[in-house]
Amino acid sequence: MLLVTAKHIIADFVLQNSWMAYGKDQKTGWALPLLVHCLIHLGVLMPVLLIVAPRFWFVALVDFAIHITIDRAKGICSSTFKMTPEHPWFWTLIGIDQALHHLTGFGLAIFMAANG
């Protein structure tokens with residue numbers, strides 16, 4: 001779980017730039033920034049899994065699919081309701097997004113622990 005959480009912090013905060021952060025939440029032109037952002041998540045998690053738990057390499061693909069789904073749903077909400085930091089629900093949406101990503105990490109870590 002610590003490795004999955006560290007991956008999330010690195011990919012979502014250290015390696016995500018403003019082009020990805022703002023671009024993936026737009027009504028149009030969101031696909032490339034979202035794809036690049038989620039490929040970074042895949043690119044950080046895959047080598048970790050190949051070193052620590054190689055039989056679970058596919059978990060990185062599952063994480064990618066879930067991450068892209070969560071972030072697109074957030075982008076649809078953000079662009080539909082024009083959620084800027086001044087919007088009363090903006091930070092709630094960010095919190096829900098992060099909670100869902102962390103629950104994904106917990107679920108994947110539990111899956112690997114239960115099947116390891």
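**Exercise 1. Which residues line the second largest pocket of this predicted model, and which helix gives the most to the lining?**

Solution.
Step 1. List the lining: Met-1, Leu-3, Val-4, Leu-45, Val-48, Leu-49, Val-52, Ala-53, Ala-109, Met-112 and Ala-113.
Step 2. Assign elements. Helix 1, helix 3 (31-52) and helix 5 give two or more residues to this lining. Helix 3 gives the most, with four residues.
Step 3. Sort by character. The lining of the second largest pocket holds 11 nonpolar residues, no polar ones and no charged ones.
Step 4. Add the volume, which is about 160 Å³ for the second largest pocket.

**Exercise 2. Describe the largest pocket by volume, lining and character**.

Solution.
Step 1. The volume of the largest pocket is about 470 Å³.
Step 2. Its lining consists of 20 residues, and those nearest the centre of the pocket are Ala-21, Asp-25, Lys-74, Phe-90 and Ile-94.
Step 3. Two or more lining residues come from each of helix 1 (2-14), helix 2 (18-23), helix 4 (58-80) and helix 5 (90-115). Helix 5 gives the most, with five residues.
Step 4. By character, the lining of the largest pocket splits into eight nonpolar, six polar and six charged residues.

**Exercise 3. How many cavities of 30 Å³ or more does the structure hold, and what lines the largest cavity?**

Solution.
Step 1. The structure holds one cavity of 30 Å³ or more. The volume of the largest cavity is about 80 Å³.
Step 2. Around the largest cavity stand Met-1, Val-4, Thr-5, Lys-7, His-8, Asp-63, Ile-66, His-67, His-101, His-102, Thr-104 and Gly-105.
Step 3. Helix 1, helix 4 and helix 5 each give at least two residues to this lining.
Step 4. Three residues of the cavity lining are nonpolar, seven are polar and two are charged.

**Exercise 4. Are helix 1 and helix 3 roughly parallel or roughly antiparallel to each other, and which residues meet?**

Solution.
Step 1. Two packed helices are described by the angle between their axes and the distance between the axes. For helix 1 and helix 3, the angle is about 150° and the axes are 9 Å apart.
Step 2. Angles over 145 degrees count as roughly antiparallel, so helix 1 and helix 3 are roughly antiparallel to each other.
Step 3. The crossing of helix 1 past helix 3 is right-handed.
Step 4. From helix 1, Leu-3, Lys-7, His-8, Ile-10, Ala-11 and Asp-12 meet His-37, Ile-40, His-41, Val-44, Leu-45, Val-48 and Val-52 of helix 3.
Step 5. The residues of this contact comprise eight nonpolar, three polar and two charged.

Notes. Residues are numbered from 1 along each chain as its sequence is written. This is a predicted model: local features need pLDDT of at least 70, side-chain atom pairs count only at pLDDT 80 or more; totals for chains, interfaces and linings use all residues. Side-chain values use heavy atoms; hydrogens and water are left out. On a 1 Å grid over the protein atoms alone, a cavity is a set of points where a 1.4 Å probe fits but cannot get out, and a pocket is an open set with protein on both sides within 12 Å along at least five of seven lines; lining residues have an atom within 4 Å of a point. Grid points are joined across faces, edges and corners, and a volume is the space filled by probe spheres set on the points. Ala, Val, Leu, Ile, Met, Phe, Trp, Tyr, Cys and Pro count as nonpolar, Asp, Glu, Lys and Arg as charged, and the others, Gly among them, as polar. Axes are lines fitted to C-alpha atoms, for helices over the stretch in contact, and angles run from 0 to 180 degrees between N-to-C directions. Angles under 35 degrees count as roughly parallel, over 145 as roughly antiparallel, 65 to 115 as roughly perpendicular and the rest as oblique. A crossing is left-handed if the near helix is turned anticlockwise from the far one by less than a right angle, and right-handed if clockwise. Contact means heavy atoms within 4.5 Å.
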